Amino acid sequence: LTAGTKTTCMKKQHPLTLSSPVIPGRVDELEAKLLAVRRELETNPAVFEATGTIHYARLLLLKPDHHAAFPRTTLVFSTDYDGAESDHLAAIAGALGDFIDPLYDCCEGYPATRTPETRKKFLQAQRAKTDAFYAGAPRRSLVQIRQESQLRDFIWRMLKEEQWKGKTAQQVHQAIRQAVSQKEEFSWANEPISLPKNQLIPYIFYGVLILTGIGLLSLTALFWILGVLAVVFLFVAGWLTMLHYKYELHDKPLGLTPSRIDENHVKILEEYEDIHNQNQFSQLIPMKPGTVRSGTLSALMLYARIRIFVEFVEGKLMGIPTIHFARWLRLDNGKQMLFFSNFDGSWQQYLGDFIDKSGWGLTAIFSNTENFPVTRYLFWGGAYDEEHFLAWSRYYQIPTQVWYCAYPKLSIKNINNNSAIRQELIRNLDEKQADRFLKRF
Amino acid sequence: MESIELLDTQAYLISGYRTMQCSKYLLLQITDAEAAGRFLHDQHTFVTDGKTEIQTFCMNLAFTVDGLRMLGLNETNIQNFTREFREGMTTPHRQRLLGDFDSSAPEKWNWGGPANEPVHILMMIFGLDQKITDALYLEMKAGLEPNGLRELMQLDGQTLPGNKEHFGYRDGISQPVIKGSGRTSASNDYLNAGEFLMGYKNEYDVYPDTPLITEPQGDMNLLPADAAGTGYKDLGRNGTYMVLRQMQQHVEDYWTFMNDQTKNADGTPDEKASRKLSAKMMGRWPSGAPVSKWPDEDPVILFPDEEPSKFVDDNNFMYHDEDPHGLKCPFGSHIRRTNPRDSFEENGKKESLKLSNRHRIIRRARLYGEPIAGSATNFKPAGEVGLLFTCFNADISRQFEFIQYTWANYPKFKQLYNDPDPLIGVRENPEPGQLQNFTIPEEPVCKTITGLKRFVTIRGGAYFFFPSISAIRYLATLKKA
């Protein structure tokens with residue numbers, strides 16, 4: 001095991017979002033350049049491969065003529081990457097320098113003298129803060145995802161080509177382990193990894209344990225804590241009631257069904273959908289005005305971050321098993337919400353899954369944005385109004401001029417399964433565990 | 001539960017016309033809209049409805065978006081139909097979703113493709129036997145030309161005894177039943193009317209998108225009000241969308257593939273193994289018996305003395321408890337992936353069933369070509385054979401297209417890696433390096449069939465509006481002077 005291989009494994013992924021106003025009069029030029037990049041990417045993804053740490057990248061324009069009416073045309077460059085932000089920015093400023101120069105040349109404030117240092121300084125100033133970020137395979141680096149995919153393919157071929165009849169699952173597992181260990185290119189696989197696990201039950205357990213402990217030490221303290229919790233609960237209930245009567249009852253839903261959405265708008269979006277087995281989704285929606293709405297959303301984003309950290313670490317976001325990465329953020333002084341995701345399968349499946357599995361969560365977040373289907377008490381209604389919700393989603397979806405995926409042939413389920421294969425390969429498994437291991441192929 | 005208005009609903013949605021052995025689908029073009037309108041008006045009493053008892057023949061009508069335009073429906077109202085229907089089956093995006101590439105590309109179709117003359121109306125006639133069908137056809141044909149209708153093509157269809165299709169399988173066993181249609185069914189097949197009819201609530205408990213008349217024209221009194229309460233008249237109520245795809249079946253390629261994959265060490269064919277591989281891919285045995293209950297052999301062969309009806313229509317099975325690892329019925333098999341029932345790995349049984357039921361279709365297949373009950377030993381048809389795949393759904397995108405793309409073509413279904421639906425999802429010319437496998441879970445190690453071949457070719461197809469009978473009457477009034 002070399003030090004070099006160790007550093008490529010189990011690294012936290014991060015979202016980068018850079019937002020840069022475009023110089024008036026150069027919008028068309030920039031858009032043309034972006035579309036040229038898109039065409040180039042179809043055959044040659046080299047530019048985004050250069051850093052070796054970018055899982056996904058997208059470049060798109062937010063525009064005044066979008067349904068959200070962004071105040072001025074702005075270039076957004078976003079990545080899902082491994083490692084530290086500073087290193088990532090340096091890599092873009094360096095290895096991707098020739099690529100970004102002609103694009104940012106169309107944006108306000110791009111330095112005339114372009115060195116890795118001046119570029120990095122510029123990029124740093126363009127960063128937008130992410131409200132919430134989800135990764136479907138947390139802490140799996142790009143290198144690791146590719147390595148584990150090769151490992152799985154190697155074992156799969158071995159299982160297919162050799163005769164296993166009459167062998168126990170344990171014997172098969174041992175034979176695979178043996179074969180892999182003899183392969184120089186899989187030396188990294190000897191490094192044990194620990195995959196993130198859903199911590200909800202331990203957290204609840206410790207919570208109850210701590211409360212019990214406090215109760216044993218001092219009943220008064222326990223009553224105080226329970227009292228505070230009761231007040232928080234009442235506050236939330238009161239907040240929802242206030243939200244409903246003062247705001248939701250006066251909200252105006254979009255009221256369109258999918259057939260009424262502007263033809264050309266959808267056509268542009270569909271033009272680049274379902275080419276691979278993965279798709280992207282970019283949505284720009286104006287926030288409903290006022291601090292009550294922005295405060296509600298901030299609280300929900302905090303809630304989302306907590307649940308993503310504690311629970312949604314095994315490849316499912318609120319039960320949806322097809323999302324690689326997703327992020328929420330606010331731009332234009334909190335007046336606009338931007339939502340990005342990278343997912344497996346079609347748009348219809350993705351949005352349908354959202355309604356079927358987490359309609360309430362979706363409703364709570366997006367009912368704070370304009371024209372969302374009629375919502376009651378933040379969590380009810382909304383997305384469950386299927387036809388209107390689908391139409392609303394399309395309405396605020398915006399074209400993504402450039403989209404890059406480092407592993408278009410892997411689903412998020414494949415990626416997590418590959419990690420489990422790698423993890424279980426070097427363990428000593430009993431017959432039952434070995435059987436489960438073999439069912440992963 | 002709301003009863004559906006069967007008298008106003010065309011019967012083909014309600015009944016598969018199993019007793020009607022023969023059928024002709026006439027692809028019609030409108031040459032004189034005014035005359036065609038009069039013809040429709042005269043014919044509407046002749047259209048088979050869902051309530052009246054079926055006699056010796058049936059007739060139903062469906063319309064493409066071009067047909068509705070020709071009849072005079074104005075552009076504002078046309079725009080109220082769903083995108084899928086308006087755009088049709090052959091846009092580049094739909095081509096990707098449906099997997100219509102290579103020999104199945106729309107440019108090569110016999111009808112419905114960009115190179116073909118546009119179809120306006122589909123007239124479907126059915127008869128108890130060939131004689132009745134032919135007589136009905138001649139009578140209809142005489143009325144076409146004088147009424148501004150030109151026959152572009154006719155697609156003959158038939159049903160075979162035992163409902164067999166050309167590969168040799170009993171077809172059309174699992175069908176959803178519409179709530180309020182007067183029929184009942186096991187709860188997992190019993191769905192809200194709005195899944196299959198516009199104007200009623202669907203499985204999400206909302207009204208499906210429906211073509212409203214937002215710019216009044218024609219005799220508006222013929223149309224009901226929008227059930228969703230918008231105040232507009234609803235052209236869609238008691239109607240639905242119909243998908244028609246002509247699928248050529250390569251019976252010889254199919255059984256040759258199965259035989260090659262299973263032949264003995266000395267190269268001789270192993271009929272039993274061939275039949276078994278084919279059944280694993282299908283998810284049912286040729287008789288119709290489910291593989292999830294009979295994993296090793298067709299029960300009709302195992303128990304020759306038993307009454308076959310015990311096995312052949314068996315739709316009473318689930319996967320979650322009975323076959324969680326696909327050891328009996330592989331995850332990748334055609335029937336398991338196109339209706340996963342209670343077995344999504346990330347959901348419980350009840351939730352899975354609910355999700356499966358949001359993507360159901362009512363299927364109506366009819367065969368064309370010289371019948372051949374295909375098998376491992378009988379697989380050389382005389383000439384082209386195939387089926388006219390027809391299905392009904394209120395939401396083409398969420399139902400038909402979803403099944404075809406997300407469940408059949410998409411090779412990542414469930415936890416699979418490179419497994420398209422072996423029957424309808426395989427690419428004829430995959431991208432370089434793209435594997436196309438069928439995984440058969442076994443213990444200790446699964447068996448994988450690689451290099452799947454495509455056994456069907458799409459020869460034509462279109463999305464149709466399958467209106468209510470009053471909507472047909474209404475359409476007839478649009479060009480009335």
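**Exercises: a sheet, its helices and two cores**

In this predicted model, 4 strands of chain A form an open sheet with antiparallel pairing, in the order E4-E6-E7-E5.

**Exercise 1.** Find which strands stand at the edges of the sheet, and say why one side of each is left without a neighbour.

*Solution.* Start with the order, E4-E6-E7-E5 in chain A. Strand E4 (130-135) and strand E5 (278-286) of chain A stand at the edges. Each has a single partner strand, so one side has no neighbour in the sheet. From one strand to the next, the twist averages 5°.

**Exercise 2.** Work out how many bridges join E5(A) to E7(A), and which residue stands opposite Gln280(A).

*Solution.* Strand E7 of chain A covers residues 336-344. It runs antiparallel to E5(A), and 9 bridges join the two. Now look across from Gln280(A): Asn342(A) in E7(A) stands opposite.

**Exercise 3.** Identify which strands helix H12 of chain A touches, and which strands H13 of chain A lies across.

*Solution.* Take H12(A) first, residues 291-310. It packs on the sheet and touches E4, E6 (323-331) and E7 of chain A. Its direction makes about 30° with that of E4(A). Next take H13(A), residues 347-366. This helix lies across E5, E6 and E7 of chain A. It runs at about 140° to E7(A).

**Exercise 4.** Name the residues with the most contacts inside the largest nonpolar core.

*Solution.* The largest nonpolar core has 97 residues. Leu235(B) and Tyr474(B) have the most contacts inside it. Leaving aside neighbours within four places in sequence, Tyr474(B) is in contact with residues including Leu73(B), Ile213(B), Met220(B) and Leu235(B). Another core, of 52 residues, lies apart from the largest one. Among its members are Met287(A), Leu317(A), Ala326(A) and Leu362(A).

Key
Residues numbered from 1 in each chain as written. Chains lettered and ligands numbered in written order. Predicted model: local features only at pLDDT ≥ 70, side-chain atom pairs only at ≥ 80, totals over all residues. Heavy atoms only, no water. Pairing = 2+ DSSP bridges. Axes fitted to C-alpha atoms, helices over the stretch in contact; angles between N-to-C directions. Contact = heavy atoms within 4.5 Å. Core = buried A, V, L, I, M, F, W, Y, C linked by side-chain atoms within 4.5 Å. Buried < 20%, exposed > 50% of the residue type's maximum accessible area, 1.4 Å probe, protein only.
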